[in-house]
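Reader: Hey, I've just opened this one and I'm a bit lost. Can you walk me through it?

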Amino acid sequence: MKLNKQDIFKALERITVPGEGQNMVESGAVKNVVTFGDEVVVDITINNPSLQAKKRVEVDILKTIHEHVYQKAKIKVNVKVDAPAAPKPNVIKGKPIPGIKNIVAVASGKGGVGKSTVTANLAVSLAKMGFNVGVLDADIYGPSIPIMFDVEAEKPLAVNVEGKSKMKPIENYGVKVLSIGFFTQPNQAVVWRGPMAAKALNQMIFDAHWGELDFLLLDLPPGTGDIHLSIMQSLPITGAVVVSTPQNIALADAKKGVAMFQQDSIQVPVLGIIENMAYFTPEELPDNKYYIFGKEGAKNLAEDLKVPFLGQLPLVQSIREAGDVGRPAALQTATVLEQAFEKLTQNVVQEVVARNENLPPTEAIKITTMAGCSAVKK
């Protein structure tokens, strides 16, 4: 039997394209039909890339032509997938905080590497340079910034801003500070699930009167978890700084911290890596350096990951003592520590300036699947 092309088209009008609602002919999915005797070749293009959709289209075409045109027709179906380009992961602009120019996240892959100490001293150094600075203590379960700024007993006041009640951050050493530690008792454990912690963070971010800030530093908790995602969903973070000690165990986690910010679904620029506790210098032997945790491990990691190395900070007893009494070591004058923190801060500022000149504004991440931001192999 000789097949007629018009009969084939008429039969294909009975089939609906998966996910589109129109029949194959109306939607333009049928690109070509060739008949030769009892043979027919159908070229069709669909937008659904799934194997199930392709198989269903092929089966429907075979069944319809056999039932409505010729039962013994020899049919070949060529299915082409023309899926639309996937949207960029960061499809929504971050919700900026009015008056805040740069938001810098200070993170670490693991705890105990001095992340909060670095944050406090970085903030004080920025303030000494003349910048307007704020610190948000996002380490919900272990807030230590109030102690380091000697404001542990303070409570934020409410102020009226354009008819709305806002929290006024506590200020010391020229730095504005907010922390969950202001709202809990010193001996009270914060036993919250992720959503409650995220809600508390959002209140401290958006229900606070930060005023005009050149830099808002975020002291993130250790690891790569729910709090980090909540922050990056809420704010357009300018860039991230990762703190690590030189030892291999810390470097393994620092590498994961960098990888988190560089994931396709996150894409927060990494401003660089800071090596804390790089070497020990005893007070009586100021020229001696003892590499207790290994030598230049974080520096080598920065080179391997092709991210900037922001500098080294020594393991000095006075840094710990200064943090414990609430007067960051960067406030010292004419000391090696002041110079170290000043150099480190200059490098951070330089990387922020370069990032703003060379890259578009960061967008808040959008979680579109139940998997969230799962690990992606590069």
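Author: Sure, let's go through the sheets, then some helices, then a couple of single residues.

Author: One thing up front: this is a predicted model.

Reader: Good to know. How many helices and strands are in the chain?

Author: The chain has 10 helices and 13 strands. It runs to 378 residues, and 46% of them count as buried.

Reader: And the contacts, what share of them join residues at least 24 apart?

Author: If you take contacts between residues at least 6 apart in sequence, 75% join residues at least 24 apart.

Reader: OK, sheets. What's the strand order in the open sheet of 3 strands?

Author: The order there is β1-β2-β3, and the pairing is mixed. β1 (30-36) and β3 (74-81) are the edge strands with a single partner strand each, so each has one side without a neighbour in the sheet. From one strand to the next, the twist averages 10°.

Reader: Do β1 and β2 run parallel or antiparallel?

Author: Antiparallel, with 6 bridges joining β1 to β2, which covers residues 39-46. If you want a spot to click on, Phe 36 stands opposite Glu 39 in β2.

Reader: Which helix touches β1 and β2?

Author: That's α1, residues 5-12, which packs on the sheet with its direction at about 140° to that of β1. There's also α2, residues 51-68, lying across β2 and β3 and running at about 150° to β3.

Reader: Now the sheet of 8 strands. What order does it have?

Author: This open sheet goes β8-β9-β5-β10-β4-β11-β12-β13, with mixed pairing. At its edges are β8 (170-172) and β13 (309-312), each pairing on one side only. Here the twist averages 25° from one strand to the next.

Reader: Are β4 and β11 parallel or antiparallel?

Author: Parallel: 4 bridges join β4 (residues 100-107) to β11 (residues 239-244). One pair to look for is Ala 105 with its bridge partner Ala 240 in β11.

Reader: And what does α7 touch on that sheet?

Author: Helix α7 (residues 248-262) touches β4, β11 and β12 (270-275), and its direction makes about 170° with that of β11. Helix α8, residues 297-305, lies across β12 and β13 at about 155° to β12.

Reader: Switching to helices. Which residues of α9 are buried?

Author: In α9, which spans residues 317-324, Ile 319, Ala 322 and Gly 323 are buried. They sit on the same side of α9, because they cover an arc of only 100° around the axis.

Reader: Is there a general reason why residues three or four places apart point the same way?

Author: Yes, an α-helix has 3.6 residues a turn, so residues spaced like that point the same way.

Reader: What covers the buried residues of α9?

Author: The cover includes α3 (115-128), α4 (145-148) and α10 (336-358). While you're there, look just after α9: Gly 326 takes a positive phi of about 80°.

Reader: You mentioned α3 and α10. At what angle do their axes cross?

Author: They cross at roughly 80°, and the axes come within 9 Å. Since angles of 65 to 115 degrees count as roughly perpendicular, α3 and α10 are therefore roughly perpendicular to each other.

Reader: Which residues make that contact?

Author: From α3, Asn 121, Leu 122, Ser 125, Leu 126 and Lys 128; from α10, Glu 338, Phe 341, Glu 342, Thr 345, Val 348 and Val 349. That contact divides into 5 nonpolar, 3 polar and 3 charged residues.

Reader: Let me zoom in on Ser 116. Is it buried or exposed?

Author: Ser 116 is buried, with a relative accessible area of 9%. You'll find Ser 116 in helix α3. Leaving out residues up to four places away in sequence, Ser 116 touches Ser 144, Ile 145, Met 148 and Asp 219. The C-alpha atoms of Ser 116 and Ile 145 are 6.7 Å apart, although 29 residues separate the two along the chain.

Reader: And Ser 244, where does that lie?

Author: Ser 244 lies in strand β11. Ser 244 is buried too, with a relative accessible area of 1%.

Reader: What does Ser 244 touch?

Author: Again not counting residues up to four places away in sequence, Ser 244 touches Val 113, Ala 250, Leu 251, Ala 254, Ile 274, Glu 275 and Asn 276. Ser 244 and Ala 278 are 34 residues apart in sequence, and their C-alpha atoms are 9.2 Å apart in space.

How values were computed
Residues are numbered from 1 along each chain as its sequence is written. This is a predicted model: local features need pLDDT of at least 70, side-chain atom pairs count only at pLDDT 80 or more; totals for chains, interfaces and linings use all residues. Side-chain values use heavy atoms; hydrogens and water are left out. Two strands pair if DSSP finds at least two bridges between them. Helices (H or I, at least four residues) and strands (E, at least two) are DSSP runs, numbered from the N terminus. Axes are lines fitted to C-alpha atoms, for helices over the stretch in contact, and angles run from 0 to 180 degrees between N-to-C directions. Contact means heavy atoms within 4.5 Å. Buried means under 20% relative accessible area, exposed over 50%, partly exposed in between (1.4 Å probe, protein chains only). The arc is that of the directions from the helix axis to the C-beta atoms. Angles under 35 degrees count as roughly parallel, over 145 as roughly antiparallel, 65 to 115 as roughly perpendicular and the rest as oblique. Ala, Val, Leu, Ile, Met, Phe, Trp, Tyr, Cys and Pro count as nonpolar, Asp, Glu, Lys and Arg as charged, and the others, Gly among them, as polar.
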